[in-house]
Amino acid sequence: MSDKLGGGRVDLSDEKVHWDLGESQSYGDYLQLGKLLSAQKPNSLEHDEMLFIIVHQVSELWMRLMRHEMGAVLAAVRRDDLDPSFKAFERISRIQDELLGVWRVLSTLTPFEYSAFRNTLGRSSGFQSAQYRELEFVLGNKNRDMVGVHQRDAQAHRSLEQVLRAPSLYDVVLNLLSRRGYEIDLARLNRDFSEPYEPSKQVTAAWLSVYHNAAKDWDLYELAECLVTLDHKFQLWRFHHLKTVERVIGYKPGTGGTGGVSYLAKALELKFFPELWQARTSM
């Protein structure tokens with residue numbers, strides 16, 4: 001009688017498994033798993049430090065992919081070919097879900113467990129994440145002061161300076177609206193892109209026109225909603241970051257020198273695309 005309960009092992013006799021890879025690269029070679037899985041080097045012997053390291057490394061990998069997809073979005077908007085951007089926006093949205101999930105994992109770290117190795121971190125802090133800062137700059141949160149913490153990393157400092165001076169995603173979008181015939185004041189189109197963006201009533205009016213003309217400019221209407229989703233999920237990420245920090249260290253200062261929770265609270269009201277939120281009140 002055959003075993004219907006699923007015991008035993010899988011029969012591979014009829015599978016054409018490549019037991020000998022020959023000159024072909026392996027899965028581990030392709031993903032450089034030797035480097036990746038040897039990159040976790042705790043400063044202490046504490047069991048829970050491995051969780052802390054991996055959570056932050058995973059976050060950096062997701063942010064790298066998000067930055068990669070943002071490049072595709074920027075290129076599509078610049079050439080006024082928005083359909084490919086919608087696929088990239090959807091992927092970015094899924095990445096943001098994964099980044100939110102990271103906080104749920106980190107929140108399993110108790111204050112007692114974290115305090116056992118926190119002092120070994122020195123001044124290292126997520127505040128110094130060059131990738132995160134570059135994402136903020138790309139999305140429009142320009143702040144020249146933030147570049148200063150990366151002075152010891154010449155490559156990161158140079159990259160951040162370039163992104164700081166370049167048009168943000170929102171700047172590129174507003175340029176597209178102008179090319180499509182929507183009134184955008186020249187002060188917004190020809191500004192110093194290294195400075196923070198200042199909201200404009202005229203831009204709010206332009207977005208209202210996009211919503212009212214959705215049948216004619218459906219792709220711009222869809223673009224507006226993609227931007228709102230991106231902004232909304234970024235705000236959720238900041239909120240979960242704050243609450244996780246509050247849960248793990250309370251109101252202690254951060255290792256990077258900020259006030260910790262008090263610093264994170266300052267960013268909760270930040271919006272990358274302010275007129276898209278203002279337009280909702282006027283509809």
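Colleague: By class, what does the lining of the second largest pocket have?
Modeller: Bear in mind that this is a predicted model. The residues that line this pocket are Arg64, Arg67, Ala130, Gln131, Glu134, Gln155, Ala156 and Ser159. Sorted by class, the lining of the second largest pocket comes to 2 nonpolar, 3 polar and 3 charged residues.

Colleague: Which elements each supply at least two residues of that lining?
Modeller: The pocket holds about 150 Å³ of space, and Arg64, Gln131 and Gln155 are among the residues around it. The elements with at least two lining residues each are α3, α6 and α7 (154-165).

Colleague: Glutamate 134 forms a salt bridge with which residue?
Modeller: Sure, let's start with where Glu134 sits: it is one of the residues lining the second largest pocket, and at 14% relative accessibility it counts as buried. The closest N and O atoms of the pair are 2.7 Å apart. The partner is arginine 67.

Colleague: And how many residues apart in sequence are the parts that this pair ties together?
Modeller: Arginine 67 is partly exposed, at 24% relative accessibility. Glutamate 134 belongs to helix α6 and arginine 67 to helix α3, so the bridge ties together parts of the chain whose separation in sequence is 67 residues.

Colleague: Glutamate 136 and arginine 238 meet in a salt bridge too, so which helices does that pair link?
Modeller: Their side chains come to 3.5 Å, N to O. The two residues are 102 residues apart, and this pair links distant parts of the chain. Glutamate 136 is in helix α6, and arginine 238 is in helix α11.

Colleague: Is arginine 238 buried or exposed?
Modeller: The cut-off for buried is under 20% relative accessible area. Its partner glutamate 136 has 3% and is buried. Arginine 238 has a relative accessible area of 4%, so the answer is buried.

Colleague: How many salt bridges does the structure hold?
Modeller: Another of the pairs is aspartate 185 with arginine 188, where the closest N and O atoms are 3.4 Å apart. Arginine 188 is buried, with a relative accessible area of 17%. Bridges with shared partners also join Asp80, Arg180, Lys216, Asp217 and Asp219 into one network. In the structure, the salt bridges number 16.

Colleague: Asp80 is in that network, so what is its phi?
Modeller: Most residues other than glycine have a negative phi. Aspartate 80 lies in the loop between α3 and α4, and at 32% relative accessibility it counts as partly exposed. Its phi is positive, near 55°.

Colleague: Where does glutamine 32 lie?
Modeller: Glutamine 32 also has a positive phi, about 50°, although it is not a glycine. With a relative accessible area of 43%, glutamine 32 is partly exposed. Its place is the loop between α1 and α2 (33-36).

Colleague: Now for enclosed space: how much lies in the largest cavity?
Modeller: Rolling a probe the size of a water molecule over the atoms shows where empty space is left. Searching the whole structure turns up 1 cavity of 30 Å³ or more. The space in the largest cavity is about 80 Å³.

Colleague: Which element gives the largest share of the lining of the largest cavity?
Modeller: The lining is made of Met63, Met66, Gln96, Leu99, Tyr132, Leu135, Lys233, Phe234 and Trp237. Elements giving two or more of these residues are α3 (49-78), α4 (83-106), α6 (130-139) and α11 (218-249). By class, the lining has 7 nonpolar, 1 polar and 1 charged residue. The largest share, 3 residues, is that of α11.

Colleague: Which residues form a nonpolar patch on the surface?
Modeller: One member, valine 17, lies in the segment before α1 (27-31). Valine 17 is partly exposed, with a relative accessible area of 35%. Together the patch residues have about 460 Å² of accessible area, and they are Val10, Leu12, Val17 and Trp19.

Colleague: Stepping back to the whole protein, how many helices and strands are there?
Modeller: The C-alpha trace spans about 75 × 55 × 40 Å along its principal axes, and 40% of the 283 residues count as buried. Read along the sequence, the pattern is α-α-α-α-α-α-α-α-α-α-α-α-α. The secondary structure comes to 13 helices and 0 strands.

Terms used: Residues numbered from 1 in each chain as written. Predicted model: local features only at pLDDT ≥ 70, side-chain atom pairs only at ≥ 80, totals over all residues. Heavy atoms only, no water. Patch = residues over 30% accessible without salt bridge, like charges linked within 9 Å, V, L, I, M, F, W, Y side chains within 5 Å. Areas by Shrake-Rupley, 256 points an atom, 1.4 Å probe, with all protein chains shown as cover. Salt bridge = Lys/Arg side-chain N within 4 Å of Asp/Glu carboxyl O. Helix = DSSP H or I, 4+ residues; strand = E, 2+ residues; numbered from the N terminus. Buried < 20%, exposed > 50% of the residue type's maximum accessible area, 1.4 Å probe, protein only. 1 Å grid on protein atoms, 1.4 Å probe; cavity = no way out; pocket = protein on both sides within 12 Å on 5 of 7 lines; lining within 4 Å. Points joined across faces, edges and corners; volume = space filled by probe spheres on them. Nonpolar A, V, L, I, M, F, W, Y, C, P; charged D, E, K, R; others polar.
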